[in-house]
Amino acid sequence: MKRSIVGGLSVAALVSLTLTACGGDDTGTDPAAGGGGGSDEPVTISLAGWSLSTTPEFQVLADAFHEQNPDVTVEVNEYDATNYDTQMIADLAAGSAPDMYVLKNLLNFFTYQDGGQLMDVSDVAGSLDENTNGLDAYEVDGTTYAVPYRQDSWYVYYNKDLFTAAGVEEPGECWTWDEYAQKAKDLTTALAATGSDAKGTYQHTWQSTVQGFANAQSPDADILGGEYDYLAPYYERSLDLQDSGAQIDYGTVSTNSLTYQSQFGTQKAAMMPMGSWYVATLLAQQESGDADTFAWGIAPAPQLECTGDDPVTFGDPTGIGINPAIDEDEQAAAKEFLSFIGSEEAAQALASIGITPAYSSDAVTEAYFGIEGVPTDELSKYAFGTHDTRPENPVSEHTAAVQGALGDAHSAIMSGSSSVEDGLAAAESEATSELG
Amino acid sequence: MTTTSANAQAVTRGKALGGASGGPVRERRAPRRPVSTVGRVLGYLVLVVAAAAVLLPFFWMVTSSLKTNNAVFTIPIQWLPEDARWQNYLEIWRKSDMGTWIKNTMLLSAVITALQLFTGSFAAYGFSKVRFPGRDVLFLVYVGTIAVPWQAYMIPQFILMSKLGLSNTLWAIVALQAFSAFGVFLMKQFYETIPGELSEAARVDGLTEYGIYRRIMLPLSVPALASLALLTFVFVWNDYLGPLIYLRSPELWTIQIGLKSFIGQYNAEYALIMTGSVLSVLPIAIIFLLGQRYFIQGIATSGMKG
Amino acid sequence: MATTLEARRPGSRLKRRNTLLGLSFILPNFLGFATLTLVPVIVLFYLSFTDWNAFGSAGWVGVENFREMLGDARFWTSLRNTLYYSALHIPLTFAVSLGLALLLNRKLRGVAFFRTAAFFPYVTSIVAIAFVWNALYSPDVGPINHLLRTIGIDDPPGWTTSADWSMPAVVLVSVWRDMGYYMLLFLAGLQTIPTELYEAARMDAANAWQRFWNVTLPCLRPTTFFVTVMLTIGSFKVFDIILVMTNGGPGTSTLVLSQYIYDQGFVENDFGYASSVSVVLFLICISVTVVQFVVNKRRAL
C-alpha cells in the first residue's frame, strides 16, 4: 500500500519535471518589468552579474547604454562570484534565469551553447567592426552565440624599485623565457645581498601560469591533440626556478594559501606573470594601503624566441549572451545592448575604470592610461596595446575533461609528486581515453 | 510535564532492575570513591593540552581577525598580530549586511530546528513503537536517501521547488531541511533503547499512543532531542550550498552565503573575512554551551569511573 | 524486543488500525520528505539512464552510462580513493569520538568547556580549518615538519603536497573535525544506560573493562548502529573538507567520488553520467548499511 503511494507520487513528479525541462519559456524573472507593450514602450531587460559593489563593469555598461537608449533599462541581478556557473545552470534549468547573462569563464561557454541556452546573435556579431577582439571564441559552426566586452591578457608585472635596488636591467619589448629565468635568478641573488628576502619572481598555483603560455606560444600546441610534450620545457623551467630559490616553491604557496596580491603588492617578489585584471586591484590596494607604495610597470609576456612579431600571450574574453527564453518583445532591446557592448563607446567607458575592453583603438588606450596611477612608461603602453592574445583553451565538448586531467598533472608535477614525464604521461593517457 | 517525567524515569529504572521495587528511585548518587590527586591533575593536563590543540585553528582565526589584510597569510604562519586592529569588528558591520544575515539565519535555524524536532520525533515513534506492514522497507527508504549525494539531485530538486514557487524564499530552506531523514533515524534509534514494558504499562493505564509519545517518550528522550536540536541548528547555521542555490535576493541571505559573497567581493580582505567568520561562530558556541548540560542529567558519576 | 500492540492482540482489523496509527505518526514528516527529497532522488535514478544536461529533455540511453563507467579510469581512481579514505576515517573517528564521549560523560570540573572545545572544530569556518592545517603541514616551513626534524627525522613527509601522504593528512584533519559531532551522538546514547546496571555489575565485582564490555557497549547498541551508519555514509560522501584541503590533488591522489560527481555535472555538464555515478555511490552505501542492519538485528535478538 505504501509502495503504491510512493510510486504514484514519483510518476507524477517525473512527468511534471520532464515537461518543465522541455518548456521553460515562462521566465518571468522580473514581474516589475513593464513588458507587454509595443516596441517603443519602455523596456526593462535583466542581466546577470556578480559582486556588484566591487565589480562595477556591469553597471557601467548598463548606465552607458541607458544614456544612449533612454527607453531601455538594463537591470543587473547579483550572483555569487565563485559559484556563478552553478547558480546560472540551476536558474536556466528551472527557467528562472535573467534575459542576458555574462559568460564568466570561456571554459563554461560550451555548456551553455551545447545545452541550447544561448540565442544566435550572428547578426549582432556581423554588425561589429573588426576592432572587437575575441568574437571567434564564441563562434561554433559559423554561428556566434555571444559578444565579448572585455578581453584580458597576461603580462609580466614588475617592481621597478626592486629592479633598481638589484641593479638588474628592466625587460624590453621582446624577451625570452630564458632571459626571464635569468633575471629572476639575478634579482634573487642581488636582492639577498642587499638584505632583502624578496624573490626574483612569483608564480601562482594555477595551471594557467604554465600551461596558458605554453598553449599559446608552442608551435605544435593543441590540448585536444592528446600529446603534451610541448609542456615539458615550460615545466622544467618553472621547476628550475623553484629549485634555485628564485621563486617560492609550489608546496609552500599552496599550503600557506599565499595570495598573489600580497606577494607582489608587499614586494615579496620582483616579477609576476599575471592577467590584466590585476592592474585595477593593485591600484586600489596601493590606494588603500594594503599594498606598499612602489613604482611598477607591465612588460609583455616572455617569448620562446624573438621573431619581431607581436608578442604572443594568452587570455580569455568575457562576453554576454542572450537567454533564448527571453520575451519576444525584449529580444530587439537585448540585441541592441549586445551590439553596444562591442562598440568603442562602451570600450572607453570600461577602460576608464581599469578594464581591458574587447574593442581596441587609440581612444580606448588613451582612456585606459588616463586613470591615475596606471604606469604610463613606453613599455607598459606597448604591453597593453601590442600583443597577440590567444584563448587559453579551444571550445569543445572535451575541453573541460582534458583541462581537468592537465590540472592534475600540474599539481602533481609542481608539488614534486611526479616527474615531468610521468605527470604528462598520465594526462596523455587520460586525455586519450576521453578523446578516443 | 515535570511530574510525568519523574514518574517515567522512575518506571524505567524500576523496570530495568527487574520491576521488583515499586516506588520512585530517588537516590541516584553512588558512594564516591577516592581518586588519586596525581591522576586527576595528570588527566586535566592531558585535557587542557588536547583542548589547546583542538582550538588552535579557532585561535588563529581570532588573531587573524585583528591583523591587516596582507599579514593574514604569511610564511611562516603568524600566530599573533603585530598590533591588534579592533576596528575590523566595526568595519565589517559597515561594509557588510551582517545584521540581516544573522537575523535570517537565526530565524531559519530556529524554525527548522523546531519543525525537525517535532516531525522527526513524531515519525520516529511510528517507526519504532508501532508495528505495521512495510515499516522496515519505508524506513530503509528514509535512510537510503541519506546515501545519495545532494550535488547530484540538487538540480531536479531546484526545478521542483521552483515549480512550487518556493525558490528565492526562506521557505525553500525550511522545506529543504525540516524533514530530513537524519532526525527520524536519530530519534528512532533512541526510542529503541526505551524498554517496551514502559509503554506497555502506560497502555494498560489507558494512555493512547499519542499520549505515550507525549507523556513518556518525549520527556525520556531529552538528551536525544537536545543532540538533534544542536546538530540541526549547527547544520542550518553552517549550510552553504542550500542557501547558495535557493536564496538569490541579498535581503534573504544567511550568514554563510553572505560571508562567502563577501569573500568573493573583497577577495583580498582576508582579515575582515576572518572577522566575519569569528562572528558567525560565536552564536553557535553560546548555544552549544547552553545545550550541552542536557547530557549530564540522568547519569551517575560513579558508573563510568575507573 | 519491545512488545507492540500487534504482538498482544493479533487480528486484521487491528492490523489496519495499527497501520493507520503508524502512518499518522509518520505522515507529517513523510509528506515533506516524500515531495522534497524522495521525488528528486527517484528522478535521479531515472536520470542515470539518460544523457540529461540540466537543460533540454533527457534522452534515454539505457545502461550506456554504466558501461562507460567501467572504462573510466578517473572513476576508478576516485572510487579507490573514497574506499581508502573511508577505511581510515570510519574506525578512527569511531574510536576517537567514543573515547571522548566516555571521557566527557562524567561530573568533571570544566566539562562544559571541554565538550564545547571538542565540538568546536565542527563549527569553525572550514576555510580557517583548511588554512591552519595546511600551514601546519607545510613541508618546508610548517611546524609539524619542523618538530619532526628536531627529533631526528631528516626527510619528513610532504603531507598535503605529496601524493603518498595527502590522503592520510586529510583523514587526520577530517577525524579531528568530525570527532565532536559523533561525540555528541554518543553522549546522548550514554544517557540512556540505567545507572543500576553499572551498580549491579560492580556488585558482581566486574572491573572497568568488563563493565564497558558487558554494560556500556550492549546498551549503547542503537546509538552505535546509528553512528556507524551515518559515519559510513558520511565517509563515502566526503566532499567539502577535501575540496578545501587539497581540491583532489596533488595529481588525483585525493580525488573522491562526490567531487567527481560534482565535476561531471557542473563542470562537464553531463548530469546523466553524474547521476549514474551517484547511483553507484548509493548502492555501495546502501549495501553496507543493509549489512549493518542485519548484523544489528541479529545481535539484538
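**Sheets, domains and a chain contact in a predicted model**

In chain A, strand β8 and strand β9 (residues 269-275) run parallel and are joined by two bridges. This is a good place to enter the structure, which is a predicted model. Within this pair, A:Thr201 has A:Met271 of β9(A) standing opposite. The two strands belong to an open sheet of four strands in chain A, in which the order is β8-β9-β7-β10 and the pairing is mixed. At its edges are β8 (199-201) and β10 (296-299) of chain A, each of which pairs on one side only. From one strand to its neighbour in this sheet, the average turn is 25°, with direction ignored.

Chain A also holds an open sheet of five strands, again with mixed pairing, and here the order reads β2-β1-β3-β12-β6. The edge positions are taken by β2 and β6 (147-151) of chain A; each has a single partner strand, so one side of each is left without a neighbour in the sheet. The twist in this sheet averages 25° from one strand to the next. As a reminder for readers new to such sheets, strands pair through backbone hydrogen bonds, either parallel or antiparallel.

One pair in the five-stranded sheet can be followed in some detail. Strand β1 (residues 43-50) and strand β2 (residues 72-79) of chain A pair in the parallel sense, and eight bridges connect them. The path of the chain between these two strands leads from β1(A) through helix α2 (residues 57-68) of chain A to β2(A), forming a right-handed β-α-β crossover. Along the pair, A:Val43 faces A:Val72 of β2(A) as its opposite residue, and A:Trp50 stands opposite A:Tyr79, also in β2(A).

Helices cover this sheet as well. Helix α2(A) lies across β1, β2 and β6 of chain A, and the angle to β2(A) is about 170°. Helix α13 (residues 328-341) of chain A packs on the sheet too, where it touches β1, β2, β3, β6 and β12 (317-322) of chain A, with a direction at about 50° to that of β1(A).

A further helix of chain A, α3 (residues 84-94), is mostly covered, with ten of its eleven residues buried. Among the buried residues of α3(A) are A:Tyr84, A:Met88, A:Ile89 and A:Leu92, and the list also includes A:Asp85 and A:Asp91. What do the buried residues of α3(A) pack against? Their partners in chain A are β1, β2 and β3 (100-103), while chain B contributes α6 (150-163) and α12 (241-246), and chain C contributes α13 (257-267). Just after α3(A) comes A:Gly95, which takes a positive phi of about 75°.

On a broader scale, chain A is divided into two domains: domain 1 spans 19-152 + 315-369, and domain 2 spans 154-312 + 392-435. Their C-alpha centres lie 31 Å apart. In the contact between them, domain 1 of chain A takes part with twelve residues and domain 2 of chain A with 15 residues. On the domain 1 side, the largest share comes from helix α4 (residues 109-114) of chain A, which supplies three residues. By class, this side of domain 1 has six nonpolar, three polar and three charged residues.

Chain B has a helical build, with 14 helices and zero strands. Of its 306 residues, 50% count as buried. Among the contacts in chain B with a separation of 6 or more, 75% are between residues 24 or more positions apart.

Chain B also meets chain C: 87 residues of chain B are in contact with 82 residues of chain C. Which helix gives the largest share of the side of chain B that touches chain C? Helix α2 (residues 37-64) of chain B does, with nine residues. Sorted by class, the residues on this side of chain B are 57 nonpolar, 20 polar and ten charged.

In chain C, one loop residue rounds off the tour. C:Asp204 is found in the loop between α9 (195-203) and α10 (208-219) of chain C. Is C:Asp204 buried or exposed? C:Asp204 counts as exposed because it has 10 C-beta neighbours inside 10 Å, and the cut-off for an exposed residue is 12 or fewer. C:Asp204 and C:Ala117 are separated by 87 residues in sequence and, C-alpha to C-alpha, by 37 Å in space.

Methods: Residues numbered from 1 in each chain as written. Chains lettered and ligands numbered in written order. Predicted model: local features only at pLDDT ≥ 70, side-chain atom pairs only at ≥ 80, totals over all residues. Pairing = 2+ DSSP bridges. Right-handed = clockwise from strand over helix to strand, strands pointing away. Contact = placed C-beta atoms within 7 Å. Nonpolar A, V, L, I, M, F, W, Y, C, P; charged D, E, K, R; others polar. Buried ≥ 20, exposed ≤ 12 C-beta atoms within 10 Å, placed from the backbone. Domains from an automatic or database assignment. Axes fitted to C-alpha atoms, helices over the stretch in contact; angles between N-to-C directions.
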